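Thanks, everyone. Let me put the model on the screen, and then we will walk through it strand by strand.

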Amino acid sequence: MKTFSAKPADLQPEWLLIDANNLVLGRLASHIARLVRGKHKPMFTPHMNCGDKVIVINAEKVATTGNKLLQNKFFWHTGYIGGIKERTWEKILSSKHPEELLINAVRRMLPKDSPLARDQLAHNLFIYAGSEHPHQAQQPKTIDITTLNNKILKRDTNNG
């Protein structure tokens, strides 16, 4: 039996819409990375961009578990002496671009330092903080990720 390898003519990406309202960040990011990469398709080929176009809305309303909003931080260095900077997840979600948190989570789940991963992230993933998006003409198919995994939905911990 011959191994199937997808050709550029075989690739037919779908447009998918995901509402991130009250969904747990890490579980959501892993589902999005799987869709963007194309691993859910039977014709997945590791060296081709087989993924679907994923639109994520309400990225500012993404949920976290535990105390991650205050404890987890992103660090970077300015290049100057003593120039280490940090921001908590809470500051990122309340900033001008709250979608940055979800973009970083998905980017870190794609193959590292590869042109293919950069291409998949740039051309297959569209994340918006609010509920509006400019891709209505593509008629995206709304998918409900909570049916795939019920742990992805953030529940109120006070009630049980």
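Start with one pair of residues: W15 has K53 as its bridge partner in β2. Strands here are DSSP E runs of at least two residues, helices are H or I runs of at least four, and both are numbered from the N terminus. The chain leaves β1, passes through helix α1, residues 25-37, and arrives at β2. This β-α-β crossover is right-handed. By that I mean that, with the strands pointing away from the viewer, the path from the first strand over the helix to the second runs clockwise.

Before going on, the ground rules. This is a predicted model: local features need pLDDT of at least 70, side-chain atom pairs count only at pLDDT 80 or more, and totals for chains, interfaces and linings use all residues. Residues are numbered from 1 along each chain as its sequence is written, and side-chain values use heavy atoms, with hydrogens and water left out.

Back to the sheet. Strand β1 covers residues 15-19, and five bridges join it to β2 in parallel. Two strands count as paired if DSSP finds at least two bridges between them. On the other pairing, β2 runs parallel to β5, residues 125-127, with three bridges. There, I55 has F126 as its partner in β5. β1 also pairs with β6, again parallel, over two bridges. In that pair, L17 is matched with T142 of β6.

So what is the strand order? It reads β5-β2-β1-β6, an open sheet of four strands with parallel pairing. The edges are β5 and β6, residues 141-142, each pairing on one side only. As a reminder, strands of a sheet pair through backbone hydrogen bonds, either parallel or antiparallel.

Now, is β2 buried or exposed? Five of its five residues, 53-57, are buried. Buried means under 20% relative accessible area, exposed means over 50%, and partly exposed is in between, with a 1.4 Å probe and protein chains only. Both faces of β2 are covered. K53, I55 and I57 sit on one side, V54 and V56 on the other.

Next, helix α4, residues 99-107. Its buried residues include L101, L102, A105 and V106, and E99 and N104 are buried as well. What covers them includes α1, β2, β3, α3, α5 and β5. Contact, in this talk, means heavy atoms within 4.5 Å.

Two loop residues deserve a look. Most residues other than glycine have a negative phi. N22, in the loop between β1 and α1, has a positive phi of about 65°. At 32% relative accessibility, N22 counts as partly exposed. Q139 lies in the loop between β5 and β6, with a positive phi near 50°. Q139 has 68% relative accessibility, so it counts as exposed.

Finally, the whole chain. There are five helices and six strands. Along the sequence the pattern is β-α-β-α-β-β-α-α-α-β-β. The C-alpha trace spans about 55 × 45 × 35 Å along its principal axes. Of the 160 residues, 39% are buried. Among contacts with a separation of 6 or more, 69% come from residues 24 or more positions apart.

That is the tour. Questions, please.
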